[in-house]
Amino acid sequence: MKLTDFMDLSILQRIQDDFSSATGLAAIAVDNEGNYITKGSNFTDFCMKYTRGSAEGARRCIKCDTECTGTYECHAGLMDFSVDIVLNGEKLGSVIGGQVLPKEPDEEKFAAIAEELGIDPKTYIAAVKKVPVRPQKSIYAASALLEDVVNRIVLQEYMNSTQYKKLSVWENEITNATETIGEIKKCTKELESIASKQTIMALNASIETARVGAAGAGFGIIAKQMGEFSRKSSEIYKQITDSANKISISIEKMNNA
């Protein structure tokens with residue numbers, strides 16, 4: 001299952017953008033194959049332009065993206081997070097981000113990292129000074145809140161989607177049932193007509209039997225049985241019609257509801 005099967009991703013994008021605006025943390029959503037399914041929010045030049053812009057930095061970043069979970073300190077000294085998007089026990093993707101500092105940057109530490117990544121230390125330090133600083137407790141709380149909100153919205157969108165499909169099937173089946181009842185009523189009327197003719201034939205046979213006297217006694221028995229069958233058939237057809245009418249009334253009530 002994919003998020004796009006039931007959810008408009010612009011909803012996820014809006015939540016993500018609002019989250020980043022409120023907290024200063026970067027965020028982006030990915031599917032299970034690692035493909036981005038939203039646009040990045042509040043991404044920093046320190047991470048995207050410089051760290052990931054170097055071959056070694058990109059390698060280390062990818063390693064963090066694939067191996068790290070929860071809220072953690074990345075290889076470049078920033079706090080990042082990865083929260084799973086889960087529906088009914090199935091993982092559909094993740095929201096990853098962070099790109100914030102838990103305290104003011106240690107220039108010597110970042111100068112050393114710049115050397116390892118082959119980046120000019122002065123440029124790297126200037127970039128890291130623009131990275132938002134947030135208390136570690138706030139970073140953990142923000143990522144936990146994002147995970148809760150995203151998964152609640154995903155569940156709600158899934159429920160809305162499945163209920164819509166169920167209602168569509170329900171409406172189609174009601175239409176089919178209504179048409180079937182119409183066919184039953186039509187067939188029942190035809191059978192009632194036949195039963196009526198049988199009654200008339202049985203009556204005529206009785207009259208003819210009475211006219212010919214003893215010679216028609218056997219035929220009279222048959223005529224009597226025909227009349228009895230016709231009477232019972234009429235009762236059954238009436239029961240079928242009454243049942244069909246009750247079903248029609250129930251369907252009409254469900255439609256109105």
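Which exposed residues does the face of α3 turned away from its buried side carry? In this predicted model, that face holds Ala55, Thr66 and Glu67.

**View 1. Helix α3 and its two faces.** Helix α3 spans residues 55-67 and has 13 residues. From its first C-alpha to its last, α3 reaches 18 Å, close to the 18 Å expected at 1.5 Å a residue. Gly57, Cys61 and Cys64 are buried in α3. These buried residues cover an arc of only 60° around the axis, which puts them on the same side of α3. The cover over the buried residues of α3 includes α2, β2 (70-73) and α4. Ala55, Thr66 and Glu67 are exposed, on the face turned away from the buried side.

**View 2. Helix α5 and its buried residues.** Helix α5 runs over residues 121-128, and its buried residues are Pro121, Tyr124, Ile125, Ala127 and Val128. Viewed down the axis of α5, these residues fall within an arc of 160°, so they line one face of the helix. They pack against α2 (45-51) and α4 (107-117).

**View 3. Asparagine 151 in helix α6.** Asparagine 151 belongs to helix α6, which covers residues 136-212. Its relative accessible area is 16%, and because the cut-off for buried is under 20%, asparagine 151 counts as buried. A polar atom of the asparagine 151 side chain lies 2.9 Å from the backbone oxygen of glutamate 147. Not counting residues up to four places away in sequence, asparagine 151 touches Asp84, Ile85 and Val86.

Key:
Residues numbered from 1 in each chain as written. Predicted model: local features only at pLDDT ≥ 70, side-chain atom pairs only at ≥ 80, totals over all residues. Heavy atoms only, no water. Helix = DSSP H or I, 4+ residues; strand = E, 2+ residues; numbered from the N terminus. Buried < 20%, exposed > 50% of the residue type's maximum accessible area, 1.4 Å probe, protein only. Polar contact = N/O pair within 3.5 Å; in protein donor to acceptor, adjacent residues only side chain to side chain. Contact = heavy atoms within 4.5 Å. Arc of directions from axis to C-beta. Expected span 1.5 Å × (residues − 1).
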